[in-house]
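Visitor: Before I trust any label on a model, I like to hear the cut-off behind it. Can we go through this one that way?

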Amino acid sequence: IMSKPVVVDENTTVYDAIVNLFLNDVGTLFVENNGILTGAVSRKDFLKIAIGGTDMKNVPVGIIMTRMPNIVFLERKDTAYTAAQKIMEHEVDCLPVIEKSMEDSKEILKIVGKVSKTNITRLFVKMGENN
């Protein structure tokens, strides 16, 4: 049920990230550095910095994002039920789907997808149509 994630680099300006958020019609952007998941930034994060009067064209999104290890995630093997549980438990709009690997004896998380409330709702509706 996962869909394609919208990903930006840590050095993307807050302004450009906001434009990206709206052009892709999503509520959360995932942030990476050299292909490795490092964080996430949501509409709420953008609203907080906008209210503060910060120059959004000069601040990198890496400054305002929620950083790993504070990001709840899924793996490909996780079920839709697990995804729904985590979304409800952590009160988030979506979760990144990651693949783990090892590099220089360090665990690396690469983002391969996302599961959102919309993905869960779409599955629920499809299941209802099949009954």
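Guide: What follows is a short round of questions about helix α2, the cores and the largest pocket.

Guide: Ground rules: this is a predicted model, where local features need pLDDT of at least 70, side-chain atom pairs count only at pLDDT 80 or more, and totals for chains, interfaces and linings use all residues. Numbering starts from 1 along each chain as its sequence is written, and side-chain values use heavy atoms, with hydrogens and water left out.

Visitor: How do you know what confidence the protein has on average?

Guide: pLDDT is the predictor's confidence in each residue, from 0 to 100. The protein averages 94, and 100% of the residues score at least 70. Confidence is lowest in α2, at a mean of 91, and highest in strand β5 (residues 74-75), at 98.

Visitor: Which residues of α2 are called buried?

Guide: Asp45, Phe46 and Ile49, in the helix spanning residues 43-51. Buried means under 20% relative accessible area, exposed over 50%, partly exposed in between (1.4 Å probe, protein chains only). Helices are DSSP runs of H or I with at least four residues, strands are E runs of at least two, and both are numbered from the N terminus.

Visitor: Why say that the buried residues line one face of α2?

Guide: Seen down the axis, they fall within an arc of 95 degrees, so they line one face. The arc is taken from the directions from the helix axis to the C-beta atoms. On the face turned away sit the exposed Lys44, Leu47, Lys48 and Ile51.

Visitor: What makes Val41 a contact partner of Phe46?

Guide: Contact means heavy atoms within 4.5 Å. Leaving aside neighbours within four places in sequence, the contacts of Val41 include Phe46, Leu29, Val61 and Ile64.

Visitor: What makes a set of residues a nonpolar core?

Guide: Its members are buried Ala, Val, Leu, Ile, Met, Phe, Trp, Tyr and Cys residues joined through side-chain atoms within 4.5 Å. The largest has 16 residues, and Val41 and Phe46 are among those touching the most other members. Its largest share, 4 residues, comes from α1.

Visitor: And why is the largest pocket called a pocket?

Guide: On a 1 Å grid over the protein atoms alone, a pocket is an open set of points with protein on both sides within 12 Å along at least five of seven lines, and lining residues have an atom within 4 Å of a point. About 420 Å³ of space lies in the largest one. Its lining counts 21 residues, with Thr28, Ser42, Thr66, Val92 and Asp93 the closest to its centre. α2 gives the most to that lining, with 4 residues.

Note on methods: 1 Å grid on protein atoms, 1.4 Å probe; cavity = no way out; pocket = protein on both sides within 12 Å on 5 of 7 lines; lining within 4 Å. Points joined across faces, edges and corners; volume = space filled by probe spheres on them.
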